[in-house]
Amino acid sequence: MMTSDRRTQSFWLALTSMMLIYALFIVTLLVTLAAYTSPADLWAALQSREIRFSLFLSLTSCSISSLLSLLVAVPTGYVLARWKIPGAAVIESILDVPIVLPPMVMGLCLLIFFQTTLGQAIDGPLRFTYTACGVVLAQFVIACAFAIRIMRGTFEHLPTRTEEVALTLGCSRWGAFWRISLPSARKGMIAAVTIAWARSLGEFGPILVFAGATRLKTEVLPTTVWLELSAGNLEAAVAVSLLLVIAAMFVLTLVRILGLEVKP
Amino acid sequence: MKAILAILISLIFIGLLGLRSVSTPADSASGESLMVFCTASMKQPVEIIARQYEQRVGVEVALQFGGTGTLVSQIQLAKRGDLFIAADQNAITIIKKLGLAREILPLVKQVPVVVVKAGNPKNIRTLDDLFRSDVRVGIGNPEATSIGKATQTLLADRWNEFATRLTVMKPTVTEVAMDVTIGSIDAAIVWNSTAAQFEKLETIRLPELDSHEDIVNVAVLNGSANPTAALRFARYLAARDQGASVLTASGFDVVSGENPEIETRP
């Protein structure tokens with residue numbers, strides 16, 4: 001019995017140390033980054049109107065784009081997982097394109113599309129090119145592809161039996177989806193929202209090309225970092241990066257804690 | 001799940017409230033506004049000048065920053081915007097050829113220089129020092145940056161040897177200067193105007209590089225909805241007592257224009 005206990009111990013020890021080493025690696029990177037700045041720089045960054053703007057625009061745009069992503073990813077993921085439509089493989093590859101393409105190319109696609117007749121017709125009333133709406137759209141296009149992957153995986157691993165039972169008990173198709181499938185996909189939905197949000201927060205290439213880097217208009221946190229780097233202002237760039245990390249850790253931890261809380 | 005929705009929706013509200021609090025209250029002085037595509041390397045002085053201009057003239061100036069090459073593509077695609085401040089002559093040649101530019105005014109002169117860490121720890125004095133095996137050198141890609149192209153031309157038959165010895169090429173000139181600051185390379189060839197933005201770097205002028213002069217220009221774009229207002233701001237940027245004095249203060253070598261009459265707001 002002793003040996004098996006010890007084996008279990010060494011098993012957990014090995015796996016946990018792998019996790020800790022990796023976490024420590026990331027923490028080390030962040031600490032060396034922080035060494036390039038000071039609390040005064042961070043404070044100065046928060047004092048700047050442009051940087052506060054980009055912080056707020058980041059929070060707003062990421063939250064909107066992750067909600068939109070979830071809205072599209074849940075039905076799409078469900079269909080891909082449950083309904084074997086002909087040509088599904090092709091459709092799936094198409095849905096993966098935003099993951100495969102370099103993000104900057106995605107921005108270029110958007111910019112070019114909105115100059116076509118169809119694009120102009122949409123851009124007329126809604127105004128995406130070089131606007132904050134463009135920021136959300138650029139984030140959404142990429143974040144959604146990741147959310148779809150997660151939702152597809154989630155629904156694939158859910159047993160179909162419970163839904164079938166609900167159907168035989170007189171539940172409608174909509175009802176079974178709403179009352180059975182969705183609640184059991186809760187963890188997957190939280191994962192999808194988290195990934196979409198995090199991905200959107202770090203998104204940069206497509207935003208730069210499609211929405212531009214206009215101060216107090218389309219500037220988000222990664223844009224600020226890039227602008228400060230371009231102007232040779234390393235301290236400010238690092239300060240804003242830390243701000244980004246703090247915002248991300250705060251929101252994502254909150255989402256994980258509240259989202260995965262076991263309900264009584 | 002409801003908790004998540006609540007978090008996201010409250011984040012949207014917090015964000016929107018924050019945005020409202022920092023956004024400019026609509027300046028209805030004239031309702032005029034200009035959109036300026038500006039090379040990221042000129043960000044600091046141009047922001048100051050734009051703000052001054054907004055206050056004095058009452059015309060809103062929206063600045064859109066980017067690498068010069070990227071901005072050229074954007075101007076070409078979107079056909080929007082009033083002015084373009086380009087980091088090099090080559091970009092101006094391109095947009096002129098495309099028929100996208102009207103008037104062009106020179107702003108700043110620049111020559112290639114070598115930047116090293118303060119104190120010059122690797123003791124770099126001559127061009128030959130850049131070929132030493134213990135010196136890590138970086139430059140901008142000749143395809144993407146004017147400084148890379150200029151270096152290639154200036155080094156002529158030594159270029160091939162130089163290119164094989166290089167430690168790194170980066171797509172923008174500021175990135176290589178940044179790498180010297182961080183310490184991942186020992187020396188970089190950059191514009192003297194770039195070097196001026198980095199307080200912690202030391203500039204070394206080399207006779208082999210001094211002969212090449214490039215100009216930062218501002219161009220009035222053909223797509224401008226208000227070319228007169230655009231030209232007025234372009235003149236302001238170049239004027240000796242106005243924009244140019246800010247540029248000089250930021251360490252740029254100015255090609256100053258005459259002082260135009262500007263209508264300041266009452």
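Start with chain B. Buried residues account for 42% of its 266 residues. Keep in mind that you are looking at a predicted model.

**Stop 1: chain B as a whole**

Select chain B and colour by secondary structure. You should find 11 helices and 11 strands. Turn the chain around. Its C-alpha atoms fill a box of roughly 60 × 60 × 35 Å along the principal axes. Now think about contacts between residues at least 6 apart in the sequence of chain B. Of these, 73% join residues at least 24 apart.

**Stop 2: the five-stranded sheet of chain B**

Select β7, β6, β8, β5 and β9 of chain B. In that order they form an open sheet of 5 strands, and the pairing is mixed. Which strands sit at the edges? They are β7(B), residues 168-170, and β9(B), residues 201-204. Each of these edge strands pairs on one side only. Look along the sheet for its twist. From one strand to the next, the twist averages 35°.

Zoom in on one pair. Strand β6(B), residues 137-140, runs parallel to β7(B), and 3 bridges join the two. Show B:Gly140 and then B:Lys170. The lysine belongs to β7(B), and B:Gly140 stands opposite it.

**Stop 3: helices on the sheet**

Add helix α5 of chain B, residues 146-155. This helix lies across β5 (112-117), β6, β7 and β8 (187-191) of chain B. How does α5(B) run relative to β6(B)? The angle is about 115°.

Next, add helix α7 of chain B, residues 173-182. It packs on the sheet and touches β5, β6, β7, β8 and β9 of chain B. Compare its direction with that of β8(B): the two make about 145°.

**Stop 4: strand β4 of chain B and its partners**

Hide the helices. Select β4(B), residues 101-110, and β10(B), residues 214-221. These strands pair in the antiparallel sense over 7 bridges. To check one position, show B:Ala101. Opposite stands B:Leu221, in β10(B).

Now pick β11(B), residues 253-254. How many bridges join β4(B) to β11(B)? There are 2, and the strands run antiparallel. Here B:Val108 stands opposite B:Val254 of β11(B).

**Stop 5: two helices in chain A**

Move to chain A. Select helix α5(A), residues 103-113, and helix α7(A), residues 132-157. Their axes come within 10 Å and cross at roughly 125°. That angle is why α5(A) counts as oblique to α7(A). The crossing of the two helices is right-handed.

Show the side chains where they meet. From α5(A), choose A:Pro103, A:Met106, A:Gly107 and A:Leu110. From α7(A), choose A:Leu137, A:Ala138, A:Val141 and A:Ile142. By class, this contact has 7 nonpolar residues, 1 polar residue and no charged ones.

**Stop 6: where the chains meet**

Show both chains together. The contact between them takes 37 residues from chain A and 33 from chain B. Look at the chain A side. Five helices to select there are α3 (49-82), α5, α10 (186-202), α12 (221-230) and α13 (234-259), each supplying at least two residues. Which helix gives the most? It is α3(A), with 11 residues. Finally, colour the chain A side by class. You will find 22 nonpolar, 10 polar and 5 charged residues.

Conventions. Residues are numbered from 1 along each chain as its sequence is written. Chains are lettered from A and ligands numbered from 1 in the order in which they are written. This is a predicted model: local features need pLDDT of at least 70, side-chain atom pairs count only at pLDDT 80 or more; totals for chains, interfaces and linings use all residues. Helices (H or I, at least four residues) and strands (E, at least two) are DSSP runs, numbered from the N terminus. A residue is buried if 20 or more other C-beta atoms lie within 10 Å of its own, exposed if 12 or fewer, and partly exposed in between; C-beta atoms are placed from the backbone. Two residues are in contact if their C-beta atoms, placed from the backbone, lie within 7 Å. Axes are lines fitted to C-alpha atoms, for helices over the stretch in contact, and angles run from 0 to 180 degrees between N-to-C directions. Angles under 35 degrees count as roughly parallel, over 145 as roughly antiparallel, 65 to 115 as roughly perpendicular and the rest as oblique. A crossing is left-handed if the near helix is turned anticlockwise from the far one by less than a right angle, and right-handed if clockwise. Ala, Val, Leu, Ile, Met, Phe, Trp, Tyr, Cys and Pro count as nonpolar, Asp, Glu, Lys and Arg as charged, and the others, Gly among them, as polar. Two strands pair if DSSP finds at least two bridges between them.
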